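Trainee: Please take me through a close reading of one loop residue and its setting. I should then like to see the account connected to other parts of the model.

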Amino acid sequence: MCGIIGCIGRGGETLDTLVHGLENLEYRGYDSAGVAVGGDDLGVRKTSGKIEQLREMLDSDPVSGTVGIGHTRWSTHGPPTDENAHPHQDCTGGVAVVHNGIIENYQSLRDDLTAAGHTFTSDTDTEVVPHLIEEELDRGATPEEAFRTAVGQLEGSYAIAAIIDGTDALFAARNDSPLVIGVGLDAEGTGTIDVTEGPYFIASDVPAFREFTARVIYLEDGEFARFDDGITVTDAEGTQVEKAVETIEWDAEETGKSGYDHYMLKEINEQPRALRQCLRARVDELGSSVDIDTVGDLSPSGLQFVACGTSYHAALYGARLFEQAGIPARAYLASEYATSPPPIGDDLVVGITQSGETADTLSALREAKRRGAETLAVTNTVGSTATRECDHALYIRSGPEIGVAATKTFAGQLAALNLFALATAEDSQTRRSVIPALRDLPGDIQSVLDNSTAAEIAEQYADAESFFFIGRRYQYPVALEGALKLKEISYEHAEGFAAGELKHGPLALVTDQTPVFALVVGDGEIARKTVGNIKEVEARDAPVVAVTDGQSDAELYADHVLEIPETHPRAAALLTNVQLQLVAYHVANNLGRPIDKPRNLAKSVTVE
Ligand code: G6P
């Protein structure tokens, strides 16, 4: 997501430290950058575009100070413009704030603040924070009290850092969004927070300051930190909390991957957080309603999904959701759609594209638009070409994905498509059964990540001749995706099939050298049929890996089991998929492949 850096105690090097910190966070992806420095006189410089542009701005119009904050923004509320870049300020310009996360109640706070006379200059949710602080300062609160009271009014996820004019201090708070303190080399103390001299750093991610220090303090949800002569950490009630100073083992080189060997593995592990962001403020507590402002008013009578690669598998899944709701829906490969376009009628045409820039998908969407269709982009990238050209946009909010192989964005697409179907096509009974399962997804995925034995299975079969994946209904797109992931990063031959199709040809390929991954959830008719398919391949001596919630007999016929928690069949698709992502990753790792940058492939393909 976005990146935060803050520092105090760096004297004349404050600004340099901030800009350098932002450069260290560039790997996360961003579309705007900015800094604020203070102490005596607060100055803010920010711009859409690259850090290089921010540097140019600072060269021609410098700022200086003894305390500061910086931010790389990756848009979620409002396009990537100069105004929407962080830091954000209050009406007086005396408060500057950077924020990661999503403030769920920002609209009502903004309405109240506007009614009280505050003027807003951006579309962001973040901007309410400096105005709330300003309100408290006007009431006579100290800077620290003002910060605490303002943050206390926020609902949602946040990592926030703020500086206030005339105050040589830095304030920070977190809830459900990472924030870590760096304790500089000059500061004393190793075991506890008994550190009295800076420099100190605050960041969303260790790489931002790793070159300056390896000593860190992790802030927990609900905690506040004040940095001035030392660091004081307090809980939500204001009680001081003793924090341990830990030493990071990784070197500066590795830190972009937060300790993971590859971005792909990091991104697989980021799925619980990415899904929380996707669902946040969109599904209600009672599980009975879904609220997405950008698509809530649509009521499609038919849908055509267009997409490529992994996004096409999400499209197949999305089409199944709407078909189940009784609305005709079909997924098309975008590259084929433009060359042989189907009758369009009143269908809504939905482009699924994590980048929002895939040429084939854009061309299919343009073709649909040319023929008068209403279009929707389901994407991860605010301000992308797809969002600019489509009538509507639904953001999956997965955060930037660096590994070429799509992982967390596929999960985000499936979750967002569920929300889209629930908001526009499905009845309250379906909502009540699906929403709780969606809410459980982050925890369920975490449990798959914590308990998966995919690494051992991958090691055993890394040299197999071919890998096959079979599944039915919602598990069919996952079977295709499991095979695509494996081919992309391991260069091994892999195919996914609708489980029922296996016997109509592909069975000829099945031998004891071709492991078959069978995706089986529930204990109904669909699961029983897939268990039948497992028996067919078992009879041909193929090693079988059942990816299952254990409700059917699949385990009885399988050589290995990759378990997932029991859940709604729609949510189970995201869980079996995590197991297959891990299989692909570990097979490729065993074979020593360059996992994050597979040969011949690009993250975003902008040619047809
Ligand atoms: C490329 C990538 C794939 C991706 C596809 C669609 O081929 O290598 O991983 O699934 O583009 O990308 P999109 O950004 O449109 O989802």
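**A loop residue and its surroundings**

Mentor: With a relative accessibility of 31%, Arg 473 counts as partly exposed, because that class runs from 20% to 50%. Please keep in mind throughout that the model is predicted. Arg 473 sits in the loop that links strand S20 (467–471) to helix H15 (475–490). Its partner for a comparison of sequence and space is Ile 526: 53 residues separate Arg 473 from Ile 526 along the chain, while their C-alpha atoms are 8.0 Å apart.

Helix H15 also leads to a second loop residue. Tyr 491 belongs to the loop between H15 and strand S21 (494–498). Tyr 491 has a phi near 65°, which is positive although the residue is not glycine. At 22% relative accessibility, Tyr 491 is likewise classed as partly exposed.

Another positive phi, of about 55°, occurs at Arg 397, again a residue other than glycine. Arg 397 lies in the loop from strand S19 (392–395) to helix H12 (408–424). Its relative accessibility is 13%, so Arg 397 counts as buried, the limit for that class being under 20%. A further loop, between strand S4 (67–73) and strand S5 (88–89), holds Pro 87. The peptide bond leading from His 86 into Pro 87 is cis, with omega near 0°.

From the loops we turn to the interior. The largest nonpolar core has 88 residues, and among these Phe 305 and Phe 420 touch the most other members. Helix H18 (residues 569–590) is the main contributor to this core, giving 13 residues. The core lies between domain 2 (256–445) and domain 3 (452–598), because both domains supply residues to it. In soluble globular proteins, nonpolar side chains tend to be buried together.

Lastly, there is the ligand. Thirteen residues surround the ligand, and those that come nearest are Ser 311, Thr 353, Gln 354, Ser 355 and Thr 358. The shell comprises 7 polar, 4 nonpolar and 2 charged residues. Helix H8 (residues 309–324) contributes the most to the shell, with 3 residues. Three contacts involve oxygen atoms of the ligand. A side-chain N or O atom of Ser 311 is 2.5 Å from one such atom. For Ser 355, a polar side-chain atom lies at 2.6 Å from a ligand oxygen. Gln 354 instead uses a backbone N or O atom, 2.7 Å from an oxygen of the ligand. On its own the ligand has 380 Å² of accessible area, of which the protein covers 91%.

Terms used. Residues numbered from 1 in each chain as written. Predicted model: local features only at pLDDT ≥ 70, side-chain atom pairs only at ≥ 80, totals over all residues. Heavy atoms only, no water. Near = heavy atom within 4 Å. Polar contact = N/O pair within 3.5 Å; in protein donor to acceptor, adjacent residues only side chain to side chain. Areas by Shrake-Rupley, 256 points an atom, 1.4 Å probe, with all protein chains shown as cover. Helix = DSSP H or I, 4+ residues; strand = E, 2+ residues; numbered from the N terminus. Nonpolar A, V, L, I, M, F, W, Y, C, P; charged D, E, K, R; others polar. Core = buried A, V, L, I, M, F, W, Y, C linked by side-chain atoms within 4.5 Å. Buried < 20%, exposed > 50% of the residue type's maximum accessible area, 1.4 Å probe, protein only. Domains from an automatic or database assignment.
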